[in-house]
Amino acid sequence: DDYFTSKVFDSAVHILDYADNLKSLPQSPRPVVPPSSVDVSIVERYIPPTSKNEFVDMFTTKGPSLLVDRLVELSPDNGTLIFVYPTKRGAQTFVTDYLAPILDPILRSMVVVNGFSSDMGQELGRMVAVDELPDNDTMKRKILQLCTTLSQSSPGMERFHKIPTKFELLLSSTQEVTLSRKIWSEDWWAKQEKPRIREVISRYFRKANRAQEDQTPVSLVHEVLDGVAQKAYPEGRAEPAGIEINVFVISRSRCTN
């Protein structure tokens, strides 16, 4: 009757895509390793997510939550989660100082050369989650409330509370990091945004209702992704500012009488 039976260990454990359509995701907790087995866990994000799906239920037990799934994996013997996530200010800095100076000229040229609506360029350049990210104070308050909720026995959590434990926020701070161009453009942004960019370009290509011998949706997608990865910043541009991030440290320990 244990959560992890031999059948589970004999097969792959599905890892959720927290940026997916929330209606398609099961409610947390959905750990990917045996509960209460992890000594140190690290969750890091430095650029804004592609949509608000990832964080809309992150601080609650009512839906799919990245935080809940990682916290129930922590050992009750001072298991620790280090959680790094961009602040709203940091996300805005990323868009204005890192991404837009490269992406905006690419999109303007694409719209003019191919005769697409300017709406396409605006949609491609927009990261809708940026302005909806919680600020540091809000995120800290939500994490404190989540720790309180997880420290209490509640429906759906009983199997992870065989022994009384408490979750505690040990550290909450903001820091600044400077992102490597190669890492954020080729690894993080390109891989994260490619499905969205492909969908937007394909949609506007169909709306244009014409076929061009020299351009296809696939070639336009690569024009955007390769341009962001390879094009030089405008001449004379200063080094981008650091990205403000939240840093939280959460521990799990046994309750003492």
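**View A. Asparagine 78 counts as exposed, with a relative accessibility of 54%.** Here, exposed means over 50% relative accessible area, buried means under 20%, and partly exposed covers what lies in between (1.4 Å probe, protein chains only). The model is predicted, so local features need pLDDT of at least 70 and side-chain atom pairs count only at pLDDT 80 or more, while totals for chains, interfaces and linings use all residues. Residues are numbered from 1 along each chain as its sequence is written, and side-chain values use heavy atoms, with hydrogens and water left out. Asparagine 78 sits in strand S2 (residues 77-86); helices (H or I, at least four residues) and strands (E, at least two) are DSSP runs numbered from the N terminus. Its phi is positive, near 65 degrees, although the residue is not a glycine. For background, most residues other than glycine have a negative phi, and most peptide bonds are trans.

**View B. The loop between H1 and S1 holds a cis proline and a serine with positive phi.** Proline 29 lies in this loop, which runs between helix H1 (6-9) and strand S1 (40-44). The peptide bond that joins serine 28 to proline 29 is cis, with omega about 10 degrees. Serine 36 is found in the loop between H1 and S1 too, and its phi is near 65 degrees. At 29% relative accessibility, serine 36 counts as partly exposed.

**View C. Helix H4 bends at alanine 100.** The bend comes to about 65 degrees, and proline 101 follows within four residues. A bend at a residue is the angle between axes fitted to the seven residues ending there and the seven starting there. Helix H4 (residues 88-114) spans only 34 Å between its end C-alpha atoms, whereas a straight helix of 27 residues would span 39 Å. That expected span is 1.5 Å times one less than the number of residues. Just after H4 comes glycine 115, with a positive phi near 70 degrees.

**View D. Helix H7 has a kink centred on alanine 190.** The kink in H7 is about 50 degrees. H7 (residues 181-208) spans only 34 Å between its end C-alpha atoms, against 40 Å for a straight helix of 28 residues.

**View E. Aspartate 97 in helix H4 has partners far along the chain, shown here with their contacts.** At 26% relative accessibility, aspartate 97 counts as partly exposed. Setting aside residues up to four places away in sequence, aspartate 97 touches Tyr233, Arg237, Pro240 and Ala241; contact means heavy atoms within 4.5 Å. Alanine 238 is 141 residues from aspartate 97 in sequence, yet 9.4 Å separates them in space, C-alpha to C-alpha. The side chain of aspartate 97 also makes a polar contact of 3.2 Å with the side chain of threonine 96. A polar contact is a pair of N or O atoms within 3.5 Å; within protein, one must be able to donate a hydrogen and the other to accept it, and residues adjacent in sequence count only if both atoms are side-chain atoms.

**View F. Glutamate 123 in helix H5 makes polar contacts with arginine 203 and tyrosine 204.** H5 covers residues 118-125, and glutamate 123 counts as partly exposed at 22% relative accessibility. Its side chain meets that of arginine 203 at 2.7 Å and that of tyrosine 204 at 3.3 Å. Beyond neighbours within four places in sequence, glutamate 123 is in contact with Arg196, Val200, Arg203 and Tyr204.

**View G. The largest nonpolar core has 63 residues.** Such a core is a set of buried Ala, Val, Leu, Ile, Met, Phe, Trp, Tyr and Cys residues joined through side-chain atoms within 4.5 Å. Phe83, Phe94, Ile143, Trp184 and Trp189 have the most contacts inside this core. H4 supplies its largest share, 10 residues. Isoleucine 143 touches Phe59, Leu67, Phe83, Leu169, Phe248 and Ile250, not counting residues up to four places away in sequence.

**View H. Serine 251 is buried in strand S4.** S4 covers residues 243-254, and the relative accessible area of serine 251 is 6%. Leaving out residues up to four places away in sequence, serine 251 touches Gly79, Thr80, Lys166, Phe167, Glu168 and Leu170.
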